[in-house]
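Biologist: Could you take me on a close look at the barrel in this model, with the helices, the salt bridge and the hollows that go with it? I would love one connected walk through it.

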Amino acid sequence: MRTPLLAGNWKMYKTPQETQAFFDAFLPLVAGAAGRDAAICPPYIDLAVALAAAAGSNVGIGAQNLAAGKEGAMTGEISGHMLKTIGCKYVLVGHSERRQFFGENEAGVLSKTQAALEYGLTPIVCVGELLAQRESGSTEAVLKQQFDGGMAPLSAEQFAKIVIAYEPVWAIGTGKVATPEQAAEAHAYIRGLVAEKFGNAQALAIRILYGGSVKPDNVAGLMSKGDIDGALVGGASLDPKSFAAIVNF
Ligand code: PEP
């Protein structure tokens, strides 16, 4: 019922030339992937090359961030309107690196999510706890706070169009993947929050991706859990063979 989504987050890696080389190798490897959605979120400067390379393929393209608002005196920023105009389908919102290094908070996540929706993009809204928060037993409280501040104020109609990514911060780029059981437990908790706020039908329909050191050799175990609807993949999405193996899990 929920189509899995396998999305790559390239972070601050790859030039336009390297982007072209990636797609040349990657697209033939996933051309037969059915029953799933695939996406790549490259840096802004690679979007044009990625969009041209992926045109007509089964791979959607997204950005890693957006500014709230359509246009304006906002030096260095890119709007959802601009991203939609060039053909982007997705945008990441509230990635832990944005929260950690660029001071993004729940209010910002909410306004960026609303901006993405206003311009017709699918926001992939990221939540997740720090290691210290997991160790002190506050994982659920953190997820609730992020959900309440960043997503619960959306209308039901808006909420139906988002994707959530659960990314425990201690598992991002560390090689420490959450066990399928740990991930599934957090996903079930988030789905419960959705049910409370938006009802059972929305809880059943929302896609919740897992992110944090997903690799070709652990993706199948994660995807075997009913509440895990896909993956947001950093490091392993940079290599065409490795990300193709994840898409073709
Ligand atoms: C990410 O950047 O969202 C991520 C999950 O990174 P990695 O797969 O490298 O842990």
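**Around the barrel**

Modeller: Happy to, and please keep in mind that this is a predicted model. Let us begin on the outside of the strands: helix α5, residues 106-118, lies across β4 (90-93) and β5 (122-127), and its direction makes an angle of about 160° with β5. Helix α12 (residues 240-247) lies across β1 (5-9), β2 (37-41) and β8, running at about 155° to β1.

Those strands belong to a barrel: 8 strands close up in the order β1-β2-β3-β4-β5-β6-β7-β8, with parallel pairing. From one strand to the next, the twist averages 25°. As a reminder, strands of a sheet pair through backbone hydrogen bonds, either parallel or antiparallel. For one pair from this barrel, take strand β7 (residues 207-211) and strand β8 (residues 230-233), which run parallel and are joined over 2 bridges. In that pair, Y210 stands opposite A231 in β8.

Strand β7 also brings us to a salt bridge. D37 and R207 form one, with their closest N and O atoms 2.9 Å apart. This pair links distant parts of the chain, since D37 sits in strand β2 and R207 in strand β7, 170 residues apart. In total, the model has 11 salt bridges.

D37 turns up again when we look for enclosed space. The count is 1 cavity of 30 Å³ or more, and the largest cavity has a volume of about 30 Å³. Its lining is made up of V30, A33, R36, D37, A38, N58, V59 and V247. By class, that lining has 5 nonpolar, 1 polar and 2 charged residues.

Now for the open hollows. The largest pocket has a volume of about 400 Å³. It is lined by 14 residues, and K11, M12, Q64, R98 and F102 are the closest to its centre. Helix α4 (residues 96-102) gives the most to this lining, with 4 residues. The lining of the largest pocket divides into 7 nonpolar, 4 polar and 3 charged residues.

The second largest pocket holds about 220 Å³ of space. Of its 15 lining residues, R99, G128, L130, Q146 and V169 lie nearest the centre. Here α4, β5 and α7 (139-150) are the elements that give two or more residues to the lining. By class, the lining of this second pocket has 5 nonpolar, 7 polar and 3 charged residues. That brings us back to β5, the strand that helix α5 lies across together with β4.

Conventions:
Residues numbered from 1 in each chain as written. Predicted model: local features only at pLDDT ≥ 70, side-chain atom pairs only at ≥ 80, totals over all residues. Heavy atoms only, no water. 1 Å grid on protein atoms, 1.4 Å probe; cavity = no way out; pocket = protein on both sides within 12 Å on 5 of 7 lines; lining within 4 Å. Points joined across faces, edges and corners; volume = space filled by probe spheres on them. Nonpolar A, V, L, I, M, F, W, Y, C, P; charged D, E, K, R; others polar. Pairing = 2+ DSSP bridges. Axes fitted to C-alpha atoms, helices over the stretch in contact; angles between N-to-C directions. Contact = heavy atoms within 4.5 Å. Salt bridge = Lys/Arg side-chain N within 4 Å of Asp/Glu carboxyl O.
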